[in-house]
Amino acid sequence: MKAAKIKQLDLDLLEKGKIYRFWLSLTSDGFGDPLSIPIFVAQGAKPGPILGLSSAIHGNEINGIPVIQQLFRELDPNQLSGTILAAPVVNIPSFLRKRRRFQDNVDLNHIMPGKARGNVSQAYAYAFFHKFVEQVDYLIDFHTASFGRINSYYIRADMSNQVSAEMARRQNPQIILHNPAVNGTLRGAAEAIGIPAITLELGNPNVFQPAIIAQSLEGVYNVLAMLNMFDHAYESQEGANIPVCQSSKWIYTRKGGLLHVHPKVTDYIEKGQLIAHQENIFGDRIAEYRAPQAGIIIGKSVSPVNSSGGRILHLGILK
Ligand SMILES: [Zn+2]
């Protein structure tokens, strides 16, 4: 199937019961050529809402890409009510460089919804938000941990919003983090215009992790069933037992040195438990770190060389 090059995505013009591929231009590059993102559209045979899927707004966070590919490989649009609009790679320049931030070193997930006559990253963010996000009724945004860190499979969602809370539970994640959306994030900008949105944190950067990818695809089907867009038997794998953190905090090193982090992701820890130590280059133990309070390990550093203020672990606080 060829992918047509387009400047605008007009869903009303697309015939029902079909799958489409496009290259949607957002801005243009230094040659004056369009800077375009790949787009999938599944136009359902029956009417219904529009679910948006966006991945790799951080260019090195790629576990969401195969989730979207697999969904569109197997989906029958004749069985679909409504539309699925998916952008497997939002941040094109940084996807190609395997980097998190945009080409001007700005984090696109801090400047949403962008600015029409703004700087390089603002203009790109604006075009994406305007041409893609404003079209959807619900949004799932796929991320992973950052470079040098690993994550559990966890969801960031505003659990005080009933719709996004149910979208989050239906991912069957290892952990849910209640996290009212922050200004400038894609999720925050979407929620500000009334689009319920969740952020999926799918493991680690720069890799494909098949087990997490499969589980996340199941989560997308569970949301399609929730929105009455597709028949799918939703089985709550962990039911009410998914740990829901009310807040979270990063714990940092006091000094520089080689860092060893003790707990694994998803481990529960007690207040005062030894969670990490640092050694000097001769292997002498020079610092120890204890948990400031009880919680669950959402993510952790796997990057041993640290200056003062290096990240140790991301602690989820359950109450
Ligand atoms: Zn991210």
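Student: What area does the chain expose, and what share of it do carbon and sulfur atoms supply?
Tutor: About 14400 Å² is exposed, and carbon and sulfur atoms supply 51% of it; accessible areas come from the Shrake-Rupley method with a 1.4 Å probe. This is a predicted model, where local features need pLDDT of at least 70, side-chain atom pairs count only at pLDDT 80 or more, and totals for chains, interfaces and linings use all residues. Residues are numbered from 1 along each chain as its sequence is written, and side-chain values use heavy atoms, with hydrogens and water left out.

Student: How many helices and strands does the chain have?
Tutor: The chain has six helices and 19 strands, which are DSSP runs (helices H or I, at least four residues; strands E, at least two) numbered from the N terminus.

Student: Where is proline 205 found?
Tutor: Proline 205 sits in the loop that links β10 (197-202) to α6 (210-226).

Student: Is proline 205 buried or exposed?
Tutor: Proline 205 counts as buried because its relative accessibility is 11%; buried means under 20% relative accessible area, exposed over 50%, and partly exposed in between (1.4 Å probe, protein chains only).

Student: Which residues does proline 205 touch?
Tutor: Leaving out residues up to four places away in sequence, proline 205 touches Asn60, Thr144, Ala145, Ser146, Phe147 and Arg149, a contact being heavy atoms within 4.5 Å.

Student: How far is the C-alpha atom of proline 205 from that of arginine 149?
Tutor: Those C-alpha atoms are separated by 8.2 Å, with the two residues 56 apart along the chain.

Student: And what percentage of the 319 residues is buried?
Tutor: Buried residues make up 54% of them.
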